[in-house]
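Student: I'm new to this one and could use a guided tour. Can we go through it feature by feature?

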Amino acid sequence: MPDIASASALQLVPGVEGALKKAIESGRNSALNLWVAGASMQAVLTELVSALESIDDDLKCSIMLLGEADNKLYSLVGPNLPENYSMAISGVDIGPTVGSCGASAYLKQPVIVADIQTHPNWQPYRAICEQHQLRACWSHPIFSANKKVLGTFGMYYSSVREPSPQERSLIAMEANIAGMIMERMLAEKSQETARQSLEREVQRRTQELTQSNTRLREALQQRNEVQQQLLEIENLSALGTMTASLTHEINTPIGVAVTALSHLQNLHDKGQKQFEANQLTRSALLQFYRESAEAMAILERNLQRSAELVSTFKQLSLDQHTQHKRLFNLCDYLWEILLSLKPKLKQYRLMFCLDVDADLEINSYPGAISQILVNLIINSMHHGYQEGQKGRITIRVSQQQQELVMEYADDGKGMNAETIERMFEPFYTSARDKGGSGLGMHICKDLVEKLLHGTIACTAEPDNGCQICLKMPLINSDGSK
Ligand SMILES: Nc1ncnc2c1ncn2[C@@H]1O[C@H](COP(=O)(O)OP(=O)(O)OP(=O)(O)O)[C@@H](O)[C@H]1O
Ligand SMILES: [Mg+2]
């Protein structure tokens, strides 16, 4: 029995000559041409076996493929075998006694059955073979280069027949050529399958990536919208705080002005009556002048104060609402912010220590700075001290190179490590029961980082106050101040 190596080239097989050799060569050549032209494995192998069949009318060839996963043989090629026969044997398990092909695939050697009707291997298929006049079946395993069984090559005749040595060589050779074709084509197919599945995977991943990018973009947009809304809410609430403060602050000078005006009115009425009754003495007139001048001075001072308060409020509320950049005196501005908080601060006994150069002018966003400071002070009041408790808040501003450093410190009850770590998270609050929303510090951080392009950091310890350090550049990225 010739093995794969000895059957690998036609010229190595001495017994194969003449018509047989020519048939095999022409079958191999036209199969190769078809292969190069891109035909399917079935078409290429059909071409191969058809050339062989053409030299003997009684010969019917078949090629079966061994399923890698299930070890069953499947009909692949059998151009002249009856279709229902091919179907009947397709899917057969391989085994030492399964027909000719099942046995040769299992035993890895040729299995020659000269008479199907008497050979025990064929017992289950005798009837169908008789029906289609298939009497002899010679089968040879089809090997890959490394001797793995890929399938079987079979030759059927209608009469009882034993192969000659030449024919044995022929079967081996044909099986060998089929093996070379099948191995390459199966490899190409599995490469193609792998390429297609890779392509599908790449497509799937690309699609997933696109979808997750879209989701990310939407989430980012949503977050920006929510943040914008939060800033607006915060602006409005800061505006509300200031309106309440202004109403309170302005009450005093306007009240004093009203009193001064009514005093002036009285002086005027009294003087007029004295004059009409011819009782207006020189000294009474002098007193009228003196007292009315005083009343007018009080009126002027207090109306002036009210006007100042109104303009401060106008500027603060404008800053709160519009976040415009402008040049302003930081020291004056910080005082104005403290003034706007005065009524709220009255419930606490807090002392403020402002350490800032009186002439320091900066080009920045006063609205944002006011919003941040108001939040810090209100946090100190709400979280650092009990009502009525004494405390000290220090605000120190320094300029370090092109950076403005604002150090804010209270000496209240401080914070534990968890609060320090989480205080800038949105909705983190230790005072939910007292109406805290947990947005104050988050908004501060947002304003510092996004608008002022700076940093904010907190250090604190339980019972040892809280220190917040803000740093912001005084030079824009384009180099302007
Ligand atoms: N000066 C401080 N002293 C002690 N704890 C503070 C101080 N500032 C902030 N905290 C802690 O940080 C938490 C978060 O502060 P944040 O301003 O973000 O929220 P809130 O004040 O609770 O609520 P909101 O400001 O939205 O009304 C507070 O709940 C508090 O526990
Ligand atoms: Mg707060």
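Tutor: Sure. Keep in mind that this is a predicted model. Let's start at strand 1, residues 60–66, which is mostly covered: seven of its seven residues are buried.

Student: Which residues of strand 1 point one way, and which the other way?

Tutor: The general idea comes first. Side chains in a regular strand alternate between the two faces of the sheet. Here, K60, S62, M64 and L66 point to one side of strand 1, while C61, I63 and L65 point to the other, and all of them are buried.

Student: Which strands does strand 1 pair with?

Tutor: Strand 6 is one partner, antiparallel to strand 1 over six bridges. In that pairing, S62 sits opposite G154. Strand 2, residues 72–77, is also antiparallel to strand 1, with four bridges, and there I63 faces V77. Strands 1 and 2 form a hairpin with five residues between them.

Student: What is the strand order in the open sheet of six strands?

Tutor: The order is 3-2-1-6-5-4, and the pairing is antiparallel. At the edges stand strand 3 (92–93) and strand 4 (111–113); each has a single partner strand, so one side of each has no neighbour in the sheet. Further in, strand 5 (residues 136–143) pairs with strand 6 (residues 149–157) over eight antiparallel bridges. One bridge there links F143 with V149.

Student: Next, backbone angles. Which residues have a positive phi without being glycine?

Tutor: As a rule, most residues other than glycine have a negative phi, and most peptide bonds are trans. Two exceptions here are K108, with phi near 60°, and N278, with phi of about 55°. N71, in the turn of the hairpin between strands 1 and 2, also has a positive phi of about 55°.

Student: Where do K108 and N278 lie?

Tutor: K108 is in the loop between helix 4 (101–107) and strand 4. N278 is in the loop that runs between helix 6 (165–276) and helix 7 (282–322).

Student: Is K108 buried or exposed, and is N278 buried or exposed?

Tutor: To judge that, count the C-beta neighbours inside 10 Å; 12 or fewer means exposed. K108 has 11 such neighbours, so K108 counts as exposed. N278 has 6, so N278 counts as exposed too.

Student: And what is the strand order in the open sheet of five strands?

Tutor: That order is 8-10-11-13-12, with mixed pairing. Strand 8 (349–355) and strand 12 (455–460) are the edge strands, each pairing on one side only. From one strand to the next, the twist averages 15°. Strand 12 runs antiparallel to strand 13 (residues 466–473), and six bridges join them; A460 stands opposite C466 there. Helix 11 lies across both of these strands, at about 140° to strand 12.

Student: How many residues surround ligand 1, and which are the closest?

Tutor: There are 23 of them, and the closest are T429, S430, G436, G440 and M441. By class, seven are nonpolar, 15 are polar and one is charged. Helix 9 (366–384) and helix 11 (440–451) each supply at least two residues of this shell. The largest share, six residues, comes from helix 9.

Student: Let's look at one residue of helix 9. Why does Q371 count as buried?

Tutor: The cut-off is 20 or more other C-beta atoms within 10 Å. Q371, located in helix 9, has 25 of them, so Q371 is buried. Q371 is also 8.8 Å from L447, C-alpha to C-alpha, although 76 residues separate the two in sequence.

Student: Stepping back, what does the whole chain look like?

Tutor: The chain has 11 helices and 13 strands. Of its 481 residues, 33% are buried. Among contacts between residues at least 6 apart in sequence, 63% join residues at least 24 apart.

Student: What is the mean pLDDT of the chain, and where is the pLDDT below 50?

Tutor: The mean is 86, and 89% of the residues reach 70 or more. Over residues 1–16 the pLDDT is below 50, though this stretch has 30 contacts in the model beyond near neighbours in sequence. Where pLDDT is low, predicted coordinates should not be read in detail.

Note on methods. Residues are numbered from 1 along each chain as its sequence is written. Chains are lettered from A and ligands numbered from 1 in the order in which they are written. This is a predicted model: local features need pLDDT of at least 70, side-chain atom pairs count only at pLDDT 80 or more; totals for chains, interfaces and linings use all residues. A residue is near a molecule or strand if its C-beta atom, placed from the backbone, lies within 6 Å of it. Ala, Val, Leu, Ile, Met, Phe, Trp, Tyr, Cys and Pro count as nonpolar, Asp, Glu, Lys and Arg as charged, and the others, Gly among them, as polar. Two strands pair if DSSP finds at least two bridges between them. Axes are lines fitted to C-alpha atoms, for helices over the stretch in contact, and angles run from 0 to 180 degrees between N-to-C directions. Two residues are in contact if their C-beta atoms, placed from the backbone, lie within 7 Å. pLDDT is the predictor's confidence in each residue, from 0 to 100.
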